[in-house]
Amino acid sequence: MKLKQLEGLLGDLQQFSNPKVELEQYPTGPHIASRMLFTAENSYGDITGKVVADFGCGCGTLSAAASLLDAACVIGFDIDPQSLETASLNADELEVEIDFVQCDITKLELKGQIVDTVVMNPPFGTRKKGADMEFLSAAMKVASQAVYSLHKTSTREHIKRAALRDFNAKSAEVICELRYDLPKLYKFHKRKEVDIAVDLWRFEPRQN
């Protein structure tokens, strides 16, 4: 599937109708989601034929992208039942098969389930300090092959240090810089939209 085709299909998905600020729910736009998964597959071979988990999947954009790129199995995890309902509708609309699981990522224990690749757009940790790190820690425990994650560019050094020192990463590299177009979703947002510089990371877990 070509990048433009993937972006076009993701552009038709429903997003949060009533986003929850405490969960830092922001939609992963089709531009970023398509590039994230397309790069994961075409540069590294981490999606097609693999078991892919989407942590904090929200309305399922990254899950859908993985499925459209022929992942063997896609599982979306989120704590919010409303988001999972929307994600399920999106999967039906695209006629792709995705398993959705309601759970708290930080308490996730996957026994016997072999996940190759984790993809995620975690909370940036602006409402709950360290939320991004909790997601990264959980992802590194589950993925056997790679973790793809978006983080604010301003946290780059901190992310790299933590991944290599604390989260058992064999490698941690920024594979591209992106502009995250943040729409005005919440009352406290003053501007109509804000551009945030984000890094797309690829982490490789150390094989124990």
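A surface patch is made of residues with over 30% relative accessible area and no salt bridge, like charges being joined within 9 Å and nonpolar side chains (Val, Leu, Ile, Met, Phe, Trp, Tyr) within 5 Å. The model is predicted: local features need pLDDT of at least 70, side-chain atom pairs count only at pLDDT 80 or more, and totals for chains, interfaces and linings use all residues. Residues are numbered from 1 along each chain as its sequence is written, and side-chain values use heavy atoms, without hydrogens and water.

**Exercise 1.** Find the residues that form a patch of negative charge on the surface, and place Asp12 in the fold.

*Solution.* Asp and Glu count as negative. Asp12, Asp92, Glu93 and Glu95 make up the patch. Asp12 sits in the loop between helix H1 (3-10) and helix H2 (30-42). With 67% relative accessibility, Asp12 is exposed (buried is under 20%, exposed over 50%, partly exposed in between; 1.4 Å probe, protein chains only).

**Exercise 2.** Describe the salt bridge between Arg156 and Glu177.

*Solution.* A salt bridge needs a side-chain nitrogen of Lys or Arg within 4 Å of a carboxyl oxygen of Asp or Glu. For Arg156 and Glu177 the N to O distance is 3.3 Å. Arg156 belongs to helix H6 (residues 156-165) and Glu177 to strand S6 (residues 169-183), so the bridge ties together parts 21 residues apart in sequence. Arg156 is partly exposed at 26%, and Glu177 is exposed at 58%.

**Exercise 3.** Trace the salt bridges of Glu204 to Lys170 and to Arg202.

*Solution.* Glu204 meets Lys170 at 3.2 Å, N to O. Glu204 lies in strand S7 (residues 193-205) and Lys170 in strand S6, so this pair joins parts 34 residues apart in sequence. Glu204 also meets Arg202 at 3.2 Å. Arg202 is buried at 8%. Together with Asp46, the residues Lys170, Arg202 and Glu204 are linked in a network of salt bridges.

How values were computed
Areas by Shrake-Rupley, 256 points an atom, 1.4 Å probe, with all protein chains shown as cover. Charge placed at Lys NZ, Arg CZ, Asp CG, Glu CD. Helix = DSSP H or I, 4+ residues; strand = E, 2+ residues; numbered from the N terminus.
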